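Please consider the protein shown below. The paragraphs that follow lead the reader from its interior to its ligand and then to some details of its backbone.

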Amino acid sequence: MTLLDGKKTSEAIQDEIAAEVAAIKAKGGKVPHLAAILVGNDGGSVTYVNNKVLACDRIGFGSSLIRYEDSVSEEELLNKIKELNEDPEVDGFIVQLPLPKHIDANKVLEAIDPKKDVDGFHPTNVGRMVAGLPAYLPATPAGILQLLKRYNIETKGKHCVVIGRSNIVGTPMSILMSKCTYPGEATVTICHRNTVDLAHHTRQADILIVAVGRPGLVTADMVKEGAVVIDVGTTRVPDETRKSGFRLRGDVDFDNVAEKCSYITPVPGGVGPLTIAMLMTNTLRAAKHEVYG
Ligand code: NAD
């Protein structure tokens, strides 16, 4: 069994980006700039956004963090998005989700100029991805593609089973794995909360990608011998031995499943670290006008 080391892969990608930024700077070009909008004080969201800003510093990007209280109005948020859309200094920006209930997240995402939508959540980028046109790919599925690629995992003709159909992970993942590019060319099954006999499907998977958020959902009896298992799940579970009071658990019963796999991602240290690397990749592509010309 080979462990798919997301931390190492993420560092390698970020080193490659840093080298490109250094070359851009040396030629006197514009340094890529990522802006992030954060609403409220949710612990998880604050950590995610801070990590994104730190990654920008590390690889030499410019960054700005725009924070609002939970009480911010939808109108104020939309005005800020309009401003960022028009700001030539900002190459790409993100609005950290989730947003408070009084704000329509779809309306907010649709207000972002697709050319600056480095999270790849705008319907234009989703549509372009489905059509096989250049697009910003959502970071988590793009990170999984990088893991498969950098470990030279064969995907052509394989049966890929994806559990979970969210707009940010499961759905784009299923589409990308079916595309006629590498990694891709797989036969894809997508499972969700109403799938009858989940184990029947997962046992047929050469590549099993799990994005649900239910710790230990996938047990050893649900996995085929030699399968590649990618665990996207990250659920905080209480852990008094940790300073933070919690630890992260994946959707896969790692200890028992790992023995049966050819490759498997750990949690933490698997898919998670790649998400930031792919956001940085999208920002670099935005600065280079690679996607929309
Ligand atoms: P979500 O919470 O929006 O949806 C969960 C999906 O799981 C739904 O499509 C639902 O139909 C399906 N589901 C629920 N119970 C099921 C069951 N018993 N059997 C089969 N399917 C079931 O999903 P999300 O936002 O994609 O997040 C999924 C998990 O991935 C969460 O733990 C989240 O924290 C994690 N996540 C991690 C990263 C990362 O590491 N970078 C990024 C995004 C999400």
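Leaving aside neighbours within four places in sequence, Ile209 is in contact with Ile144, Cys160, Val161, Val162, Ile163, Met173, Met177, Ile230 and Val232, where contact means heavy atoms within 4.5 Å. The model is a predicted one, in which local features need pLDDT of at least 70 and side-chain atom pairs count only at pLDDT 80 or more, while totals for chains, interfaces and linings use all residues. Residues are numbered from 1 along each chain as its sequence is written, and side-chain values use heavy atoms, with hydrogens and water left out.

Ile209 also belongs to a wider grouping. The largest nonpolar core has 50 residues, and Ile209 is listed with Met177, Ile230 and Met280 as having the most contacts inside this core. A nonpolar core is a set of buried Ala, Val, Leu, Ile, Met, Phe, Trp, Tyr and Cys residues joined through side-chain atoms within 4.5 Å. Buried here means under 20% relative accessible area, exposed means over 50%, and partly exposed lies in between, with a 1.4 Å probe and protein chains only. The greatest contribution to this core comes from helix H10 (residues 272-287), which gives eight residues; helices (H or I, at least four residues) and strands (E, at least two) are DSSP runs, numbered from the N terminus. The core lies between domain 1 (29-113) and domain 2 (139-272), because both of them give residues to it. Apart from this core lies another, of 19 residues, including Val161, Ala199, Val229 and Val252. In soluble globular proteins, nonpolar side chains tend to be buried together.

The two domains just named are the parts into which the protein is divided, with bounds that come from an automatic or database domain assignment. Their centres, taken over C-alpha atoms, are separated by 28 Å. A UniProt record, an unreviewed entry, lists residues 4-119 for "domain: Tetrahydrofolate dehydrogenase/cyclohydrolase catalytic". UniProt positions are given in the numbering used here, feature names are shortened, and annotations may be inferred rather than shown by experiment. The span of residues 4-119 is 50% helix and 16% strand, and its end C-alpha atoms lie 24 Å apart.

What covers one of the helices, H7? The cover of its buried residues includes helix H5 (123-131), helix H6 (139-150), strand E5, strand E6 (187-191) and strand E7 (207-210). The buried residues of H7 are Gly170, Pro172, Met173, Ser174, Leu176 and Met177.

The loop before this helix leads to the annotated site. UniProt, again in an unreviewed entry, places the feature "binding site" at Gly164, Arg165, Ser166 and Thr234. Gly164 lies in the loop between strand E5 (159-163) and helix H7 (170-178), and Arg165 is likewise found between E5 and H7. With a relative accessible area of 10%, Gly164 is buried, whereas Arg165, at 42% relative accessibility, counts as partly exposed. Not counting residues up to four places away in sequence, Gly164 touches Gly170, Thr171, Ile190, Cys191, Ala211 and Val212. On the same basis of counting, Arg165 touches Gly170, Thr171, Ile190, His192, Arg193 and Asn194.

Which residues are closest to the ligand? They are Arg165, Ser166, Arg193, Thr234 and Thr275, among the 20 residues that surround the ligand, each having a heavy atom within 4 Å of it. Three polar contacts, pairs of N or O atoms within 3.5 Å (within protein, one must be able to donate a hydrogen and the other to accept it, and residues adjacent in sequence count only if both atoms are side-chain atoms), may now be followed. An N or O atom in the side chain of Ser166 is 2.6 Å from an oxygen atom of the ligand. For Arg193, a backbone N or O atom lies 3.0 Å from a ligand oxygen atom. In the case of Arg214, an N or O atom of the side chain is 3.2 Å from a nitrogen atom of the ligand.

Some backbone details remain. A cis peptide bond, with omega about 0°, joins Leu97 and Pro98, and Pro98 lies in the loop between strand E4 (92-95) and helix H4 (105-111). The peptide bond from Val267 to Pro268 is also cis, with omega near 0°; Pro268 is found in the loop between strand E11 (263-264) and H10.
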